[in-house]
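Colleague: I'm new to this one, so could you walk me through it? Let's put it on the screen and take it piece by piece.

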Amino acid sequence: MALGGYAHNVAHVNLTTGKVEYKDIPEEWALKYIGGRGLGVRYVLENGPQVDPLSPDNILCFMNGPLTGSEANMSGRMAIVTKSPLTGTVTDSHHGGWSAARLRWAGFDGLIFKGRSAKPVYAYIENGKLELHDASEVWGKGVHDTVKFFKEKYGEKDLTVIAIGPAGERLSRFACWVNENDRASGRGGTGCVGGSKQLKAIVVKAKKKLTKAADRDAWKPAHTRALATIMDEKNITSPRKGGLSVYGTNVLTNITSNMGALPTRNSQLTSFGEKAERVSGEWVKENILVDDPTCHACPVACKKEVKITEGPYAGLHMESFEYEPAWSLGANCDNDNAASIAKMIDQANDYGLDAIEIGNVLSVYMEATEKGYLNGDPGLKWGDHAGMVATITKVAFREGIGDVLAEGTERAAKAWGHPEIAMTVKGQAIPAYDPRGLKGMGIAYATSNRGACHLRAYTPASELTLIPLPSDPLAWKGKGELTKLLQDIHSFSDSLDLCKFSAFAEGTEEYAQQYSAMVGVPFTADDVLKTGERIYNLERYFNNLAGFREGSDYLPERFLKEPSTMPGSKGHVCELDLMLEEYYAARGWKNGVVPESKLKELGIV
C-alpha cells in the first residue's frame, strides 16, 4: 500500500534540454529520510558531493514533507536544498507562507532542477504538471515586481510566486529565493544557484485541498494533542499571549542584549546597551506595527508587518521586522535606527539577499574601515544607515565595492588580507547570538552542517528556558550532548516539514504521532531521534566527501580568545574544545568525520 501524506510525484527538470520527468520517491528513501530537508539532502548526495555548486551539474531541490499542506499546525514550510556556493557544504534553507502547501495541493512532493537554461525561464505548476516558460520579461526585476507581474498574468487567487532578485541573477553567493514578497529561504546561496541556472521563478496555482492522513482515526487525537501544546499559555507560541505571538521573533533583542549575548559591532562587543530597546520587538509593537500576518495552518502569527510614517523612510510598508535582521543590520552594525532596518530588510527581500549575511557583510566592511584595511576605499562608518542602504544596492548589482561584498563576509575579509575579522564558520556568517554569552550556540555554530547557524540546534531554547530542558547559558558542560539532541530533533521536524517554532511546544511524541497517523506506519519518539540522527549523519557524510574533514568544526578566534567585556557574560570566552570533545563522543564521530561503522549502523551505506 502506498505511503500516506505523499503526492508520489517529484518533477525532475532538465533546464538544458527543457525535458520534464515525473517520478515517485523511492519508498526506502521516504521511510529513511521522510521529506523536506532529509529527502532533499539524499537527492543532492546522489547527484555527487564533488559537483561545482555553480555548474549546470548541481541540482536545486524544492521539497515538501509528508505533513505539508495538511491541517497539521505550522506545516507551511518548504525546504530548498542544494550544494552551497557560499560554503561548499550541502545546504537547506526553509521558508513559510503558502508555497509549500500550494505545491502539495498542485500534486507535488518536490521539484528538482538540473542543467542550465540557454535563456531565463520560470516554472509554472498546476494540476500535477510543470511547464517551463520564457522569463525574459521579468529577468532584471526585483522580487516584488516579479510577484506583481505573475499575479497580473495568472490572477492573484490561489497563486504563489517564489523568485530570485537581481542579486541571484548576478550570482551573489548569498542570494536567496523569496516567496510571496518577503518569506525568504535565506541562508546558503540557494538563489545564487537559481541564477546560475537562469531560473527566475517558480509559479504555483492550486486550490486548497488538505492532505488527508492514512490513518484518520489516529490523526484526530494526534493533531488535537499537538495543537493543545501550541495553544498552551505557558508556551511562547500561545496565540496573542506568548512572547513569540505578541512581539514576534524580535522579543529576543532586549533579552540577549541584557545577558551579554547579542553580538555588537561585528562581535567586538556582546551587548547593544541602552540602544537595544530602540530596535526591540517591544518598541516595534508600540510604534510601527500595523499587522500580524501568518502562514498556512499557523495560529501563532509571529510575522510583524510595519509601516514607517516619518523621516527619510516614510511611506515604507513592509513585512517582517524579525530578530535576526534587526540584529544583523542593527546592533551588529551599531545602528539603532529602526526605520532604516525596516528599509534594509525590505531591500534584502526585493533584491533576494540573505538578510543575516548582508548585515555581516556590512559589519565586516565597517570594521575594516575602522582598522584601515581597505587600501584607499572610503569605507563605511559604524551606524551610518544611509550608507548601509546605498551599499546594499551596490551589493545586489555588484557595483564598485559591492562586487567584493557580494562574495560574502569571509571572502571579503580575505580579499582585504584580514580573514580574522570575518565572523564565519565554513564560509557562512553567524546569526544573532554571541557564544560567549550563550555557550550552546558555540558548539552549535561549529558543528552545523551548513555553516554558522542557529537553526540546526536551537540551544537558546534550553538556555533561555523556553522548553522544559533548562541549562545555564554560561556553562559549557552538557552543551555537546544538548546540541546533538536538538540537531537530531530539528533534522526530523525540518523533514516533516514543520516550522522550527513548533519545537517550542511540541516534542518527539507529538511529532511521532502525527507522522505515524499521516503516513500510516508505526513510529515512536525513539524513531524520531534515530531518523533525525540518520539525516544529520547523511549531511555530515556529504560534507566529508566534499572535502570537509578533520578540524572543519571551528569558531572565529574572537569568541575563543577575546573575553566579553559586557554585563551578563563579562570575562567569558567560548570553551569550544571541551564542548567538541563531549559532542564527538555523543555523535560517535572521529574529529568531525563519520566512521563507516556509524554509516552502516544508521543504514546510510
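Colleague: Let's start with T82: which residue stands opposite T82 in β5?

Modeller: Keep in mind that this is a predicted model. Strand β4 covers residues 78-83 and is joined to β5 by six bridges, with the two running antiparallel. Across from T82, in β5, you'll find T91.

Colleague: And what is the order of the strands in that open sheet?

Modeller: There are six strands in the open sheet, and their pairing is mixed. The edges are β2 (19-23) and β5 (90-95), each paired on one side only. From one strand to the next, the twist averages 15 degrees. Read across, the order is β2-β1-β6-β3-β4-β5.

Colleague: Something helical crosses there too. At about what angle does helix α2 run to β4?

Modeller: Helix α2 takes in residues 36-47 and lies across β1 (10-14), β3 (60-63), β4, β5 and β6 (110-114). Against β4, helix α2 runs at about 20 degrees.

Colleague: On to β7 and β8: which residue in their hairpin takes a positive phi?

Modeller: Strands β7 (residues 121-126) and β8 (residues 129-134) pair in the antiparallel sense over six bridges. One facing pair puts A123 opposite L132 in β8. The hairpin has two residues between the strands, and the one with a positive phi, near 50 degrees, is N127.

Colleague: There's an open sheet of three strands as well. Why is one side of β13 and of β15 left without a neighbour in the sheet?

Modeller: The order there is β13-β14-β15, with antiparallel pairing. β13 (289-291) and β15 (317-319) each lack a neighbour on one side because they stand at the edges, each with a single partner strand.

Colleague: Then what is the bridge partner of D291 in β14?

Modeller: β13 and strand β14 (residues 305-307) run antiparallel and are joined by two bridges. In β14, the partner of D291 is E305.

Colleague: Last topic, the largest pocket: which helix gives the largest share of its lining?

Modeller: About 400 Å³ of space lies in that pocket. Its lining has 21 residues, with I467, P468, A503, A505 and E506 nearest the centre. The largest share, four residues, comes from residues 479-496, that is, helix α19.

Colleague: And how many of the lining residues are nonpolar?

Modeller: The lining of the largest pocket also has five polar residues and three charged ones. That leaves the nonpolar group, and the count there is 13.

How values were computed: Residues are numbered from 1 along each chain as its sequence is written. This is a predicted model: local features need pLDDT of at least 70, side-chain atom pairs count only at pLDDT 80 or more; totals for chains, interfaces and linings use all residues. Side-chain values use heavy atoms; hydrogens and water are left out. Two strands pair if DSSP finds at least two bridges between them. Axes are lines fitted to C-alpha atoms, for helices over the stretch in contact, and angles run from 0 to 180 degrees between N-to-C directions. Contact means heavy atoms within 4.5 Å. On a 1 Å grid over the protein atoms alone, a cavity is a set of points where a 1.4 Å probe fits but cannot get out, and a pocket is an open set with protein on both sides within 12 Å along at least five of seven lines; lining residues have an atom within 4 Å of a point. Grid points are joined across faces, edges and corners, and a volume is the space filled by probe spheres set on the points. Ala, Val, Leu, Ile, Met, Phe, Trp, Tyr, Cys and Pro count as nonpolar, Asp, Glu, Lys and Arg as charged, and the others, Gly among them, as polar.
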